Amino acid sequence: MLQVGLSLPRAPGGAAGGFPAQPEQGNGDGDGTSTTQGMLGSSPVTVVITSEADTWDIDAASSCLGCGQFVDWDRMPEPEQQADIPRDILTQPPKELKRLVREGCLAASRALRAQVYHRLCQQVACRLVTPDAPVYRDVASRLFGKHSASSHPLPDFLEGCSMPTYCLSLDGVTAMKKILICIGNLFPDITYSPILPSLVALLLHYSEDEAQCFENISRLIASNAPHTSYIDQSFLAHRASCMTFGDLANKHCPAAHKLIASSSENVFEVYSKWLSWLFHDLPFDYAIRVFDVYLLEGQKVLYRIALALLKQYRLSVASPELEGADIKADLQAFVQNIAAHTTVDKLLERAFGIRLFSRKEIWLLQMANRKALMERGITMVQSRQSFHLAVDMQTFSSGTVTAQEMRIIWSWIPERFSLSPPLLLFSTSEDGCSLQRFYSCCEGYEPTVLLIKTTEGEVCGAFLSSDWSERKKNGATSGFFGTGECFVFTVRPEMERYEWVFIKKPELAKAVPRSRQRSPSPGPVSLLSSSPDGHGTSSNHLAVPTPQRKGRLSPFLAIRHFLLPSKTASMFMSGSREGIIIGGGGGQALSLDADLLWGRTEHCETFDNPPLCQENFRVQLLEVWGFQNT
């Protein structure tokens with residue numbers, strides 16, 4: 001059991017927290033009272049053996065002898081003062097342990113952090129055959145012998161990746177390179193992993209020796225826990241995680257996302273650096289606190305903290321300052337100078353105040369993004385590749401929106417779809433005002449974007465996640481279908497997006513147990529009523545979406561994954577011979593008649609939107625856009 005005292009006295013001649021202030025050269029015989037010389041290749045490395053007094057009440061069985069031998073102490077921050085640190089921190093209930101680590105209890109003692117890191121890594125569920133410390137010693141001896149690490153090339157999976165060193169000494173940097181070379185030798189399936197050097201570097205600050213660091217990072221690499229991962233190990237996985245972050249930023253940081261979309265030609269290129277913000281650009285005292293919670297809680301917390309940085313950026317930077325600026329570089333500079341804007345405690349508080357969906361839902365989104373990339377030819381083994389901007393400002397043409405407006409709409413769309421350029425499927429100016437023609441042109445395409453321009457010059461629309469042919473599955477019963485990725489929006493006079501209500505309030509919906517599946521509810525034949533005011537309430541009782549067909553990847557935000565408080569909160573899209581409806585419950589976000597000439601917009605429970613234009617409107621032009629496969 002980890003034993004940590006409530007007070008941490010300063011060791012004679014040492015720094016607070018259990019590490020020596022500066023290692024001294026000596027010719028000790030390894031009896032634990034002096035220093036010994038070791039060899040890393042041809043370079044001497046000082047191995048510090050601390051006395052019993054330096055372990056700060058950590059028992060001998062779990063002492064961290066030698067931790068800190070790779071650190072440049074002149075650059076290492078002093079431990080933070082903390083009160084009431086439990087002596088048995090790792091035996092605390094999970095909820096209490098999360099609270100303690102999030103609040104920074106590990107920052108009080110370097111020795112405490114070193115021990116907790118080792119214990120947490122050892123508790124990671126991983127593959128049965130995972131290289132450990134003895135394997136590292138054997139492979140390192142065989143690879144390097146008397147040669148230094150500099151005589152060996154770094155693994156190919158680090159091509160183009162940065163190598164942050166934080167507070168490592170020159171010997172620490174050499175050790176980091178040796179560990180990375182051994183990882184390349186023992187994990188040949190890794191083809192791209194830009195985060196790996198940072199994680200190795202951070203672990204080395206608190207590792208007993210190279211072998212312990214290697215064993216712990218190997219467990220993170222080999223983790224096999226369901227619906228979670230620690231380290232992306234291919235370009236495909238890395239790209240999918242960047243797309244997933246873009247999707248989450250789109251949903252949880254709408255103000256920052258809108259600012260970036262209006263200031264950058266390629267939003268995804270900005271978001272592709274999200275991991276670098278955390279493990280390259282953040283100062284060490286911030287990055288190590290991120291690492292604390294990452295080891296305990298997994299990759300999901302990285303999304304949270306990067307979203308918090310994005311929110312803080314939006315609060316700290318005014319829009320006019322970004323005109324003509326390189327927003328990717330500006331964000332990097334902001335993160336590097338984060339201490340001028342917020343403390344690490346406030347940053348983490350903001351991060352854990354963001355209500356994300358479950359780990360399973362995020363995993364489903366990652367899998368959907370991976371599938372989309374694979375369909376575009378991205379493989380596990382290929383190296384990095386650039387993507388062209390989906391909306392070409394020079395060639396795009398529409399009667400409802402400008403190219404710049406379409407670019408912003410495209411930035412709202414889930415990343416796996418916005419990789420593809422827009423393709424015009426239907427236009428009332430070319431195909432006529434016929435609902436049947438609308439269906440025949442749109443069926444077979446999923447998803448689609450509906451754009452409406454009214455005779456008053458207002459423009460609004462919807463992103464619709466499902467194929468319109470899904471309407472036929474209810475037979476004679478009109479029913480709603482679609483997923484929680486659907487949203488409605490306005491373009492003129494103001495650009496605004498209204499998403500599924502549970503994206504803003506996920507606490508209202510609970511995950512459905514695996515043993516339960518939602519059954520479709522019956523609904524009336526009529527889709528649009530003929531009530532005197534031109535709209536009716538019968539659609540509020542239509543069938544909820546039915547489960548997707550077998551053999552298809554379970555979609556992100558499918559309603560069968562949730563226990564919803566009411567069926568009216570999941571009415572995404574519906575169609576019949578009488579017209580189409582988007583959004584339901586207490587009203588309809590958009591409804592159009594069979595001639596596609598008249599429509600109505602109201603507040604609805606599904607999207608919690610205001611009317612998107614004048615409540616009763618006449619259509620001047622209607623367009624439907626799909627996604628061109630390239």
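**Notebook: salt bridges, a glycine, a helix and three strands**

I started with aspartate 345, which is partly exposed at 39% relative accessibility. The model I am reading is a predicted one.

**Entry 1: the partner of aspartate 345**

I looked up which residue forms a salt bridge with aspartate 345, and arginine 289 came back, with 2.9 Å between the closest N and O atoms. This pair links distant parts of the chain, as arginine 289 is in helix H11 (residues 284–297) and aspartate 345 in helix H14 (residues 344–351), 56 residues apart. Is arginine 289 buried or exposed? Arginine 289 is buried, at a relative accessible area of 1%, while its partner aspartate 345 is partly exposed. My background reminder for this page is that oppositely charged side chains can pair when their charged atoms come close.

**Entry 2: glutamate 485 and arginine 416**

Next I checked glutamate 485, whose side chain meets that of arginine 416 in a salt bridge at 2.5 Å, N to O. Glutamate 485 sits in the loop between strand S5 (459–464) and strand S6 (487–492), and arginine 416 belongs to helix H17 (residues 415–418), so this contact ties together parts 69 residues apart in sequence. I then read off accessibility for both partners. Glutamate 485 is buried at 3%, and arginine 416 is buried too, with 10%. I noted the cut-off beside these values: buried means under 20%.

**Entry 3: a pair within helix H1**

Here I wanted a local case, and arginine 99 with glutamate 96 gave me one: a salt bridge with its closest N and O atoms 2.4 Å apart. How far apart are the two in helix H1? They are 3 residues apart in H1 (residues 94–102), which means about one helical turn separates them. An α-helix has 3.6 residues a turn, so residues three or four places apart point the same way. Arginine 99 is partly exposed at 35%, and glutamate 96 is partly exposed at 26%. I followed the contacts onward and found Glu96, Arg99 and Glu103 linked in a network of salt bridges. My tally for the structure is 17 salt bridges.

**Entry 4: glycine 160 and helix H4**

I moved on to glycine 160, which is in the loop between helix H3 (133–144) and helix H4 (170–186). Glycine 160 is exposed, with a relative accessible area of 59%. I also took a C-alpha to C-alpha distance to tyrosine 192: the two are 9.8 Å apart in space and 32 residues apart in sequence.

While there, I checked the span of H4. Its 17 residues reach 25 Å from first C-alpha to last, close to the 24 Å expected at 1.5 Å a residue. The buried residues of H4 include Lys178, along with Val173, Met176 and Leu180.

**Entry 5: strands S10, S11 and S12**

I finished with strand S11 (residues 579–582). Which way do its residues point? Gly579 and Ile581 point one way, Ile580 and Ile582 the other, and all are buried. S11 pairs in the antiparallel sense with strand S10 (residues 573–576) over 4 bridges, and the two form a hairpin with 2 residues between them. I picked out one bridge here: isoleucine 582 in S11 is the partner of methionine 573. S11 also pairs in the antiparallel sense with strand S12 (residues 590–593), over 4 bridges. Opposite glycine 579 I found aspartate 593 in S12.

Definitions and conventions:
Residues numbered from 1 in each chain as written. Predicted model: local features only at pLDDT ≥ 70, side-chain atom pairs only at ≥ 80, totals over all residues. Heavy atoms only, no water. Buried < 20%, exposed > 50% of the residue type's maximum accessible area, 1.4 Å probe, protein only. Salt bridge = Lys/Arg side-chain N within 4 Å of Asp/Glu carboxyl O. Pairing = 2+ DSSP bridges. Expected span 1.5 Å × (residues − 1).
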